[in-house]
Amino acid sequence: MTKYISSTINHFILSIGLLIMVVPIWIIFASSTHSSLFINTNGLQFFLGDNFIDNYSRVLFKQSGFFNEITALKMFLNSFVMATGIATLSVITSLMTAYGLVYFKVKYATFIFWLIFITLLVPLELRIMPSYIVMSKLNLVNTFAGLILPISASAIATFFFRQFYKSIPDELLEAAKLDGTNSWSFFIDFLIPLSKTMIAAVFIFMFVFGYNQYLWPLIMTTSEQYWTVVMGLKTMYGSISDRFAFVIMSMIPPVIIIIFLQKLFIQGIFQNK
Amino acid sequence: MKKVQFKSNYSQYFFLAPQLLILLIFLYWPIIQTFKDAFTMQDAFGFGSQFAGFDNFLFIFSDPSYFTAFKFTIIYSFVITFITGSIGLLLAVQANKVMHGKSAYKTLLIWPYAIAPAVVGVMANYFFSERYGLLHHLFNNLWGFNWYENVFDAYIYVIIAGSWKQISANFIFFLAGLQAIQKTVIEASIIDCKSNIRRFWTITFPLLMPTTFFLIIINITYAFFDTFGIIDTTTIGAPGSETKTLVYKAYIDGFKGLDLGSAGAQSIMMMIIVLVITIFQFRYIEGKIHYN
């Protein structure tokens with residue numbers, strides 16, 4: 001009997017948690033299926049309306065932005081290119097760096113380690129203005145390279161892979177060496193397959209991180225051709241239900257990724273512990 | 001480092017080169033530029049600049065709005081850490097206990113984690129707008145809510161907007177931490193201690209200390225940096241500039257006000273704060289927590 005009561009309490013508390021996390025998004029979603037006129041007279045809605053297809057297709061394909069030069073579809077494409085670029089580049093560079101640091105004798109290894117570590121203290125937000133100046137000197141404003149490169153070196157990912165390589169027993173390399181494996185094929189044929197789960201976790205994490213960037217694209221893109229979804233949200237002008245629909249669409253890619261890959265993501269994070 | 005390694009004179013640098021190149025060009029160059037800015041004074045028309053010593057730093061210390069931002073950032077990170085940590089822990093403990101629907105709860109509770117802060121801010125905007133806002137109406141009926149004139153109300157606005165998605169992050173990590181605690185420890189403690197609540201605070205919570213500590217740091221960094229998108233899409237610092245975080249103020253002064261010297265000095269102050277937190281993390285707290 002007490003067991004029954006305590007489990008009811010558990011479910012009750014969890015349901016309140018669910019209400020807090022789910023209801024706000026439901027309200028925005030329900031409201032996005034009504035016409036703007038209806039919202040303007042009746043406020044936010046709990047129940048679905050029948051303008052779903054109208055609103056969403058209008059937002060996806062309509063030219064919007066300040067100069068009407070971009071559709072939401074193009075923004076999604078831009079966000080996707082940016083996020084994939086950041087995720088791919090940061091996985092490759094941090095895998096390589098970790099490998100170089102762990103499996104080779106490197107001169108000034110401690111210095112290099114600190115050079116990477118210090119970047120954790122200086123997030124993009126702290127060097128935004130000088131970064132912009134550097135990018136404009138390099139002619140990278142309004143390019144994908146400019147959107148991707150400054151965010152694609154991840155100290156955390158490097159440390160993750162470094163910890164993991166250090167935990168791999170020395171016997172693996174000894175055995176591989178007996179077989180005459182060179183450093184390149186040891187990296188490609190042994191280490192990369194071993195770190196698959198971690199690679200996936202870092203990739204997911206960096207993809208969501210890249211997709212969710214707000215300030216950097218805001219500053220780096222003066223041309224609407226390069227607008228991304230998350231920054232476009234604030235600057236998009238349109239009727240109220242268009243904006244609701246855009247908010248809902250903007251969260252779909254990262255949310256789907258996290259929901260379907262949550263197991264992998266959490267496993268990858270805790271594999272190291 | 002490994003006892004067994006590859007012997008090579010150059011191939012290690014091939015592996016290190018890509019990341020180091022990116023770091024040097026896209027991080028260290030701007031960082032050096034920041035230091036240069038912080039110690040130079042530019043004239044109002046941008047024609048020339050001269051070495052200014054610590055003038056920029058003296059300027060921000062004599063500027064009351066810097067202290068307003070400082071105060072707000074401290075309050076904001078403290079409140080967000082506390083609210084999201086305790087709600088996240090409460091939900092994780094319940095989700096760890098239930099027999100049925102565990103994975104459904106888990107999925108529905110973690111997905112706001114993936115939503116960008118700026119998107120959360122835009123959403124919060126609707127709930128706090130005078131015209132449509134449900135929360136605006138609710139609070140207005142309770143005590144005459146008015147965030148663009150009343151500082152306390154603006155705090156409530158940005159705290160709710162800032163906490164919401166971070167509850168998910170705390171939930172994920174606390175749940176993973178709880179699941180890592182061995183069943184035998186819990187079973188043994190049930191024999192010794194009948195009270196659920198006492199058992200939680202004397203056995204489970206101390207075992208969660210590494211997770212708790214990790215989350216405190218995560219939450220503080222979130223409140224310092226990631227909330228930029230939230231402030232910029234909600235209050236923009238309103239009523240006056242009481243809800244500007246230090247990072248937001250540095251951005252406004254540098255990018256909008258074009259005062260590079262002051263923005264540089266503010267960035268360096270911020271780096272020092274982050275450095276202090278990091279040292280504190282490694283030296284003080286890590287030594288006091290008992291793993292396993």
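A crossing of two helices is called left-handed if the near helix is turned anticlockwise from the far one by less than a right angle, and right-handed if it is turned clockwise. That term is needed at the first stop of this tour, which goes through a predicted model.

**First stop: α3 and α10 of chain B.** Select α3(B), residues 64–97, together with helix α10(B), residues 209–226, and turn the view until one helix lies in front of the other. In this pair α3(B) passes α10(B) in a right-handed crossing. The two axes come within 9 Å and cross at roughly 135 degrees; because angles over 145 degrees would count as roughly antiparallel and those from 65 to 115 as roughly perpendicular, α3(B) and α10(B) are oblique to each other.

Now show the side chains where the helices meet. From α3(B) come Thr73(B), Tyr76(B), Ser77(B), Ile80(B), Thr81(B), Thr84(B) and Gly85(B), and they face Leu215(B), Ile216(B), Asn219(B), Ile220(B), Ala223(B) and Phe224(B) of α10(B). Coloured by class, this contact has 7 nonpolar and 6 polar residues, with no charged residue.

**Second stop: Thr234(B).** Keep Ile220(B) in view and select Thr234(B), which is 14 residues from Ile220(B) in sequence and 20 Å from it in space, C-alpha to C-alpha. Thr234(B) sits in the loop between α11 and α12 of chain B. Is Thr234(B) buried or exposed? It counts as buried, because 26 C-beta neighbours lie inside 10 Å, where 20 or more are required. Setting aside neighbours within four places in sequence, the residues to display around Thr234(B) are Gly121(B), Ala124(B), Asn125(B), Tyr157(B), Val158(B) and Ala161(B), each of them in contact with it.

**Third stop: chain B as a whole.** Zoom out until chain B fills the window, and its secondary structure comes to 13 helices and 2 strands. Its C-alpha atoms fill a box of roughly 75 × 75 × 30 Å along the principal axes, and 41% of its 292 residues count as buried. Among contacts in chain B with a separation of 6 or more, 71% join residues 24 or more positions apart.

**Last stop: the side that touches chain A.** Bring chain A back into view and select the residues shared between the chains: 69 residues of chain B are in contact with 69 residues of chain A. Elements giving two or more residues to this side of chain B include α1, α3, α7 and α13, and α1(B) supplies the largest share, 16 residues. Coloured by class once more, this side of chain B has 50 nonpolar, 15 polar and 4 charged residues.

Technical notes
Residues are numbered from 1 along each chain as its sequence is written. Chains are lettered from A and ligands numbered from 1 in the order in which they are written. This is a predicted model: local features need pLDDT of at least 70, side-chain atom pairs count only at pLDDT 80 or more; totals for chains, interfaces and linings use all residues. Two residues are in contact if their C-beta atoms, placed from the backbone, lie within 7 Å. Helices (H or I, at least four residues) and strands (E, at least two) are DSSP runs, numbered from the N terminus. Ala, Val, Leu, Ile, Met, Phe, Trp, Tyr, Cys and Pro count as nonpolar, Asp, Glu, Lys and Arg as charged, and the others, Gly among them, as polar. A residue is buried if 20 or more other C-beta atoms lie within 10 Å of its own, exposed if 12 or fewer, and partly exposed in between; C-beta atoms are placed from the backbone. Axes are lines fitted to C-alpha atoms, for helices over the stretch in contact, and angles run from 0 to 180 degrees between N-to-C directions. Angles under 35 degrees count as roughly parallel, over 145 as roughly antiparallel, 65 to 115 as roughly perpendicular and the rest as oblique.
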